[in-house]
Structures are given as C-alpha cells and as structure tokens.
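Biologist: I'd like to learn how to read helix packing and nonpolar cores in a model. Can you walk me through one?

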Amino acid sequence: MTNTLITGANKGLGFAAARRLIAAGHNVWIGARDPERGQAAATALGARFVPLDVTDDASVGGAAELVREKVGRLDVLINNAGINAGGSVPGTDMTFEDFRAVFDVNVFGVVRVTHAFLPLLRASEAPSVINVSSGLGSFHQMTETEWGKWVVPAYSASKSALTMLTIQYANALPGIRFNAVDPGWTPTDTNGNTGPQTVEEGTDAVVRLAAMGVGAPTATFTDRRGTVPW
Ligand SMILES: NC(=O)c1ccc[n+]([C@@H]2O[C@H](COP(=O)([O-])OP(=O)(O)OC[C@H]3O[C@@H](n4cnc5c(N)ncnc54)[C@H](OP(=O)(O)O)[C@@H]3O)[C@@H](O)[C@H]2O)c1
C-alpha cells in the first residue's frame, strides 16, 4: 500500500486530497499543527494523524520518527501546508516579519519536512515529493496575464522560491521524483473562500501525480490542465 503524508491536511485542499487518495487506496497520514483539529480530520477521513508543525524542527522530527516507527517508509510526501499572512496588507506595508512568517511555512517548512523525511523516502521503491506551489509564483503568469495585478509579494515570492526549490531537489536527488503543482484558484480559508473551482478541481493535479508511482515525471510544474509556464 502506498504510504502518503500530506502536511496541513486538517482542512482545505490537503483535506480534500486526503479524501481522494484514501479512496484511491493510499494509506494517508494527515499532518496538522493543531492536534485536536488534526485528529478530528483524520477520524472523519479514516486517515492516520501525525502532529506536524512545519515551522518547528522538533515537531517535524517527531513526525518523521512516528511514521518510521509505524510503517518504515514514505512513498508520497505532499508539502501542502501554506499561508498567506499579511495577504490583505498592501504590498508596500508588509513588514519583514510578514515575509519571514510566510517564507517560514511556504519555503523553509518544505525544506524542514523534506530533509526530515528523506531517509523514509529513500526506503520507498518509488518515492515522490509533490510541492503545492501556486500560479502566483509563476513569472509568466505574473507578467503576461491578468494575474499580474495581484500584489501579494511575500506569498508570490515564496511560491516562486518553492517552485525553484522543487527543480533544485529534482536535480540533486534523481532517485526521488520532485514536482510542483498549482491547484488553481479554489475556495478555501486561505483566500476567504473565493475562487471559481471546486476543491476536487483544485486537487486534480496533486492527486494525478500522487497516483503515478514509478511512472511519475520529475522537475515539472503542472496544474489540472497541464504544464504551467515558469
Ligand atoms: N486555495 C487556492 O486558491 C490555492 C491556490 C494556489 C495554491 N494554494 C496552496 O494550496 C495549499 C493549501 O492551501 P488551502 O487553499 O487548502 O488553504 P487552507 O484551507 O488555509 O489550508 C492551509 C493548511 O496549511 C496548514 N498550515 C499553516 N501553517 C502551518 C504550519 N506551520 N504547520 C503545519 N500546517 C500549517 C493549515 O493549518 P491550520 O488549520 O492549523 O491553520 C491548513 O491545514 C497552500 O500551500 C496554498 O498556498 C491554494
């Protein structure tokens, strides 16, 4: 059975992806920073809960130890946890602390979790890491389309960094597939529940990649329709 961990899966797209991957036969671990909400989500889904705050080294290390102890390997890691702190603040008013908080989750959190789980990924026959990035981190989208009017500097820059990090990991670790996905604009708490897609559509790209196993590509950036321009 495919062992899959999804960070920030107590709600939103992570929760929806967990539901779909369980239906597809994965043994899904729900990572969440709040134990009560995480356990409640896991119980509702029939998943396993692992306490996991991506900004906390001890928490991330404890999560890796728990998964190692219970199942000994990880096949699919979905780095989904993300924030847009200061999202309603005009770009020029964002403080260093706003930037630091966003990068700590969206970029450094992914580094923390990926490093902690590398031994477990290496124990898999078809390890795959999927980083949930955003079209708001696409240089093409922000310069050549109507999305360019969105001013979300910390979030946007963090997602550009995450997409590049995905490519760098793919280059550095050819034995593990690393791919970035853009869910597309989907109603969740992170955007005040706005957006034209269903959560199913918002999880199509991540679910498709998670299901690919050994056939998965590496170093790609896709959404539900296909390739996202860098
Ligand atoms: N919705 C969209 O339109 C859209 C578009 C493009 C990309 N994305 C990306 O999709 C991913 C999922 O977001 P979403 O839309 O589902 O938003 P969401 O409903 O707000 O979910 C975000 C999840 O991340 C968790 N999280 C935040 N900080 C964390 C931390 N330090 N440690 C562990 N978990 C943490 C949250 O936990 P708490 O409940 O404890 O806060 C929550 O479970 C994010 O990376 C987001 O940037 C979303």
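**Cores and a helix pair**

Modeller: Sure, and keep in mind that this is a predicted model. Let's begin with the largest nonpolar core: it has 29 residues, and Leu5, Leu77, Phe117 and Leu121 touch the most other members.

Biologist: Which elements give two or more residues to this core?

Modeller: Those are helix H3 (57-71), helix H4 (96-122) and helix H6 (153-172). H4 supplies the largest share, nine residues.

Biologist: What is Leu77 in contact with, leaving aside neighbours within four places in sequence?

Modeller: Its partners are Leu5, Val113, Thr114, Phe117, Leu121, Ser128, Val129 and Ile130. Another core, of 22 residues, lies apart from the largest one; Ala18, Phe49, Val181 and Leu209 are among its members.

Biologist: Now the helices. How do I read a packed pair?

Modeller: Two packed helices are described by the angle between their axes and the distance between the axes. Here, take H1 (residues 12-23) and H7 (residues 199-210): they pack at about 55°, and their axes are 9 Å apart. Because of that angle, H1 counts as oblique to H7.

Biologist: Is the crossing of H1 and H7 left-handed or right-handed?

Modeller: Right-handed. On the H1 side, the contact uses Leu13, Ala16, Ala17, Arg19, Arg20 and Leu21. H7 brings Val199, Glu200, Gly202, Thr203, Asp204, Val206, Val207 and Ala210.

Biologist: How many residues of each class does that contact have?

Modeller: The H1 contact with H7 has eight nonpolar, two polar and four charged residues.

Key
Residues are numbered from 1 along each chain as its sequence is written. This is a predicted model: local features need pLDDT of at least 70, side-chain atom pairs count only at pLDDT 80 or more; totals for chains, interfaces and linings use all residues. Side-chain values use heavy atoms; hydrogens and water are left out. Axes are lines fitted to C-alpha atoms, for helices over the stretch in contact, and angles run from 0 to 180 degrees between N-to-C directions. Helices (H or I, at least four residues) and strands (E, at least two) are DSSP runs, numbered from the N terminus. Angles under 35 degrees count as roughly parallel, over 145 as roughly antiparallel, 65 to 115 as roughly perpendicular and the rest as oblique. A crossing is left-handed if the near helix is turned anticlockwise from the far one by less than a right angle, and right-handed if clockwise. Contact means heavy atoms within 4.5 Å. Ala, Val, Leu, Ile, Met, Phe, Trp, Tyr, Cys and Pro count as nonpolar, Asp, Glu, Lys and Arg as charged, and the others, Gly among them, as polar. A nonpolar core is a set of buried Ala, Val, Leu, Ile, Met, Phe, Trp, Tyr and Cys residues joined through side-chain atoms within 4.5 Å. Buried means under 20% relative accessible area, exposed over 50%, partly exposed in between (1.4 Å probe, protein chains only).
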